[in-house]
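Please read the following explanation with the sequence and the model open side by side, and pause at each residue as it is named.

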Amino acid sequence: MTGEQTIEKNREGSVWHRWDPHIHAPGTIKNDHFGGDDDVFDKYIALINAADPPIRALGVTDYYILDSYERVKAAFDAGRLPSVKLLFPNIELRFALSHGKGSPINVHLLVDPDAPDHIVNAKSFLSSLKFEYNGEPYGCTNNDLIRLGKAFSGSTQTETRALEVGANQAKVEMRTLREAFKNSQWARENILVGLAAGKNDGAAQLQEDSLSAIREEIQRLAHVIFSGNPSDRNFWLGDGALSREDLNDKYGGPKPCIHGCDAHELAKVGKPDLDRLCWIKGDVTFETLRQICFEPGSRVSVGPQPPMAGRDSNTIRNFSATGTEWLVTQSVPINAGLVAVIGARGSGKTALVEMIAAGAQSVDSKHTSRSFLERAQPFLVEGKSHLRWGRGEETAATINIKAMGSDGDPRVRYLSQQFVDQLCSSDGLADELVGAIEDVIFAAHPANERLGARSFKELRGLRTQAVRRQMERLMQQLRELGEEISAQNDLSLTLPDRQKRLLAEEAELNRLKEDRKALTPSDNKEVLERLERVREAAEWKSGRIAELERKELSLSSLQDDVVYFEEIGAGSQWDQLKADFRDAELSDSQWSDFRLRYSGDVKGLLKEELKLVRTQADDLRGPGQDEAPEIPDDKLSSAPPYFDEAAKLKTLTLSLLAKEQSRLEARVGVDQARKRRYTDLSDKIVRGEAAIAQRRQEIASAAGAKDTIKKLTAARHESYKSLVTLIDKEEAVLQSLYEPLQERLNSQKGTLKKLTFSVRRIVDIDAWAEAGERLIDRSRQGQFRGVGQLTRIIKTELEEVWQNGTAEEIAAAMGAFREKYSQEFRNHAFQDTFKTRESTRNWFQQITEWLYSTDHVRVQYGLRYEDVDIQQLSPGTRGIVLLLLYLSIDIDDERPLIIDQPEENLDPQSIFDELVGEFKEAKKRRQIIIVTHNANLVVNTDADQVIVATRGSHHRNRLPEITYQSGGLESPEIRREVCNILEGGKDAFEQRAKRLRMPL
């Protein structure tokens, strides 16, 4: 029996307590090995009190009668068992069947000690269980069993011995027990039937096929199974030979396995074999024993210690507040499992969870626009939330939203109602939804595989940086190749014009030479011919000197670059390289090998080259060491030649040639005016010849442009193919990043099998085609005429290969497309495109950049539900996915999970079908606090604690008073609140009881 049990006394809800539902006492009818000492009962009581861990509930067992229970009850009522909070009768019966060497099958009747007149009514029920011997019926009462014992072994037996014999001979038929329950409403409401599972005294001995039906009938009758064997527990939970569905069909559902010490001697009191202690979660009341029939997997455990829901340091054990005079309940204990906060609308449910989240520094200011903390802010200026965690740690934080900081470490994952509503709405926060998925994926990666990253985005950047760097280089290479091809194309187009200009420039040069020749009107043919030869030699020499001067200039510039590179450039590139690859963690000596250096003595080489070119130029200019001095102008006409007629002119210095030229000009009578004119024409001739030489080089380049374009185009094709290959490589890298999530999804059952992860190539063919259409004139005649025609062609010929083709196939298809439609693009160029070379070049460059772009291709990753992207799901389905994400996929996050009214977007059937089981599994792993109006999320999830929020009347200029009461579902008061507050609450309880054929 129990003392007074109220909501206030059990505010933490369902917690684990040690039970011993099967313990005999001194004087038990059979196998009493406790000894006959006068103080044996006192020793028995002392052993129970000394049990460690302490026993909170005792099922005192005897055969057919309640004598042992009544004796222990007297001690209990006298306060001699202070650690025991519940004492109830466990009446052990024997079924009238067994097999082989086995004993008759043991059946236990567990009686509710809080039922009215439970001893009297239990004895009355037992008396209806008749055993017939020699034509005489005997009930399961002390007197009838004594009569049976004497009838069987002789009337000379003492009553004690006769009672033992009678109990040993009495057997109850299954039909009799079933009929007795059928005829007694009191028994149906206050007695639970237990069945031994063992092979010696339990139903397991009935293994032959011919006994299967009997075995199933016996097992179907039982509410609980007495066994500490893990294999029996697995079987009765649907994790063994039969599934949960099979158990539903055959036995009315899974059944809890409970275990006791079955002590028949002092040495066994409170000490079950193999340290198989029985732990039951809930208040220490008989009602909790009923509750385990509803939740046999989560409310019962057999072992040395009870299960742990999560890490103590990540579990909130108590909430309290200061500076909140409107809060009547200043302190609320919090269960470590699933906590459901219920109440009427506006009763303070959200207020509680928001204050808890604030105390854990987990309120996101982005989603507080309609929150309690935002609306009530003027009344929360001095308010603080205090949390006590599982290991005694205490934290406190303001609940004044304007004073909240953003530097705290969120210690809970808080899904506010606003956040859930936004994510689940049809135009929900796609980025935040993806971000939520990424947080889960990041947590799924072992810490030693995160590369030191602090977020998934950072990890993805680290894993893909090599690919992205290669892609950037290839895109830059494609741009440069495009520019060079455009330049070569422009050069090729100018070939006729350049050839025409060359002819004109050569004709002009000939005219200049004729004009210069006319300035020397001498009849001395030999002198004129010599003068012409000297002039040509001097002009050639000038050209050669100009080449050397250009070479000197280039060498000097190269010398400056070398100095810059060694003093600044190489160091800058080296520093950038170290910065880009700092995670390589190379030593300074190792990094020194990466410093860019010239392989030889380039400074010495350039110095020698400059010295050589200057010497060569000086040698060509002159004057030489033995060169004759310059002759005065008045003596030039009669002066002798500076060198012999047979001299090789190109070997002479420019200085000497110039002197000889001046002498010859004086000889033929060139006056000062003509000489100035002569010099001017000579300069023009030199420049003309240089221009012609340049023009011939340009023509040679233009003539070879087509071959160059072919080579550049081939290089661009390979670069483009490499770029597309890198897109595939990025897909592979991302696939490996998301592999932990995919493995987690693959290992799931039921609803979670509908979730799949995808890394896919997404091609925005419309955007790419539209960009191409902007580059052409769609009004012109041709295949691209009309708005959208180019887009239709692109979709027909390229969309499929872009979406599903390999890099090789895409590159080949794009090459064929460019070749097939190159002329069409020209035909549809805008009117002014070919007006100038510059406009032509710009257009070609834009077209080629577009044709070789990959901006329309991206790698998309994410979750799909029944093969639909989560961004495209209905609000209700998106809500299911969101909750599945945090309940079942996010198994690495051990922080408390707080969810405010997720059912707003879900229909009740979806909640029951898709989420109830996931909530029940998740609460084994982490603390969950949920605000809800949905009965399924309270009753069928078997919430460990229900917090009932109640609001008082409104007052001007202050918040209404708010009260919080709490307890477990095994509390009748809490169940009444659930039924009164939650729509469908009563139905949820009734349907659950109906499924398991249990009385409410």
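The paragraphs below go through the nonpolar cores, a buried strand, a threonine in a loop, the salt bridges and the cysteines.

The model is a predicted one, and every value given here is computed from its atoms. A suitable place to begin is the largest nonpolar core, which has 100 residues and in which Trp802, Phe825 and Val978 touch the most other members. Helix H29, spanning residues 875-889, gives this core its largest share, namely nine residues. If you centre the view on Val978 and set aside its neighbours within four places in sequence, the residues in contact with Val978 are Ile342, Val938, Val939, Val946, Leu969, Gly985 and Phe989. Apart from this core lies another one, of 73 residues, and its members include Ile23, Ile55, Leu81 and Ala180.

One of the contacts of Val978, Ile342, leads on to strand S14. How many of the six residues of strand S14 (residues 338-343) are buried? Six of the six are buried, and the strand is therefore largely enclosed by the rest of the structure. The side chains alternate in direction, in that Leu338, Ala340 and Ile342 point one way from S14 while Val339, Val341 and Gly343 point the other way, and the residues of both sets are buried. Strand S14 also has pairing partners, and with strand S22 (residues 928-931) it pairs in the parallel sense over four bridges. Within that pairing, Ile929 of S22 is the bridge partner of Val339. With strand S23 (residues 945-951), S14 pairs in the parallel sense as well, over five bridges, and here Val948 of S23 is the bridge partner of Ile342. Ile342 thus appears twice in this account, as a contact of Val978 and as a bridge partner of Val948.

From the strand we turn to a loop. Thr28 lies between strand S1 (16-24) and helix H1 (40-50). Is Thr28 buried or exposed? With a relative accessibility of 2%, Thr28 counts as buried, because the cut-off for a buried residue is under 20%. The side chain of Thr28 is joined to that of His24 by a polar contact of 3.0 Å, and a polar contact of 3.0 Å joins it to the side chain of Asp62. Not counting residues up to four places away in sequence, Thr28 touches Phe34, Thr61, Asp62, Tyr63, Ser68 and His264, so that Asp62 is to be found both among these neighbours and among the polar contacts.

Charged residues come next. Side chains of opposite charge can pair when their charged atoms come close. The structure holds 59 salt bridges, of which a few are described here. Asp39 forms one with Lys43, with the closest N and O atoms 3.9 Å apart; Asp39 is partly exposed at 35% relative accessibility, and Lys43 is likewise partly exposed, at 36%. Arg175 and Glu173 meet through their side chains in a salt bridge of 3.4 Å, N to O. In this pair Arg175 counts as exposed because its relative accessibility is 54%, whereas Glu173, at 40%, counts as partly exposed.

Another salt bridge is that of Lys721 and Glu808, in which the closest N and O atoms are 3.1 Å apart. The pair links distant parts of the chain, since Lys721 belongs to helix H23 (residues 705-737) and Glu808 to helix H27 (residues 807-827), with their positions 87 residues apart in sequence. Lys721 is buried, with a relative accessible area of 16%, while Glu808 is partly exposed, with 46%. Salt bridges also form a network, which links Arg178, Glu216, Glu217, Arg220 and Lys250.

The cysteines remain. A disulfide is a covalent bond between the sulfur atoms of two cysteines. How many disulfides does the structure hold? The number is zero. Cys293, for instance, is in no disulfide, and the nearest cysteine sulfur, which belongs to Cys257, is 11 Å away. Cys293 counts as buried, with 4% relative accessibility, and Cys140 counts as buried too, with 5%.

A last stop is Asn746, whose place is in helix H24 (residues 739-746). Asn746 is partly exposed, with a relative accessible area of 46%. From C-alpha to C-alpha, Asn746 and Gly35 are 59 Å apart in space, and in sequence they are 711 residues apart.

Note on methods: Residues are numbered from 1 along each chain as its sequence is written. This is a predicted model: local features need pLDDT of at least 70, side-chain atom pairs count only at pLDDT 80 or more; totals for chains, interfaces and linings use all residues. Side-chain values use heavy atoms; hydrogens and water are left out. A disulfide is a pair of cysteine sulfur atoms within 2.5 Å. Buried means under 20% relative accessible area, exposed over 50%, partly exposed in between (1.4 Å probe, protein chains only). A nonpolar core is a set of buried Ala, Val, Leu, Ile, Met, Phe, Trp, Tyr and Cys residues joined through side-chain atoms within 4.5 Å. Helices (H or I, at least four residues) and strands (E, at least two) are DSSP runs, numbered from the N terminus. Contact means heavy atoms within 4.5 Å. Two strands pair if DSSP finds at least two bridges between them. A salt bridge is a side-chain nitrogen of Lys or Arg within 4 Å of a carboxyl oxygen of Asp or Glu. A polar contact is a pair of N or O atoms within 3.5 Å; within protein, one must be able to donate a hydrogen and the other to accept it, and residues adjacent in sequence count only if both atoms are side-chain atoms.
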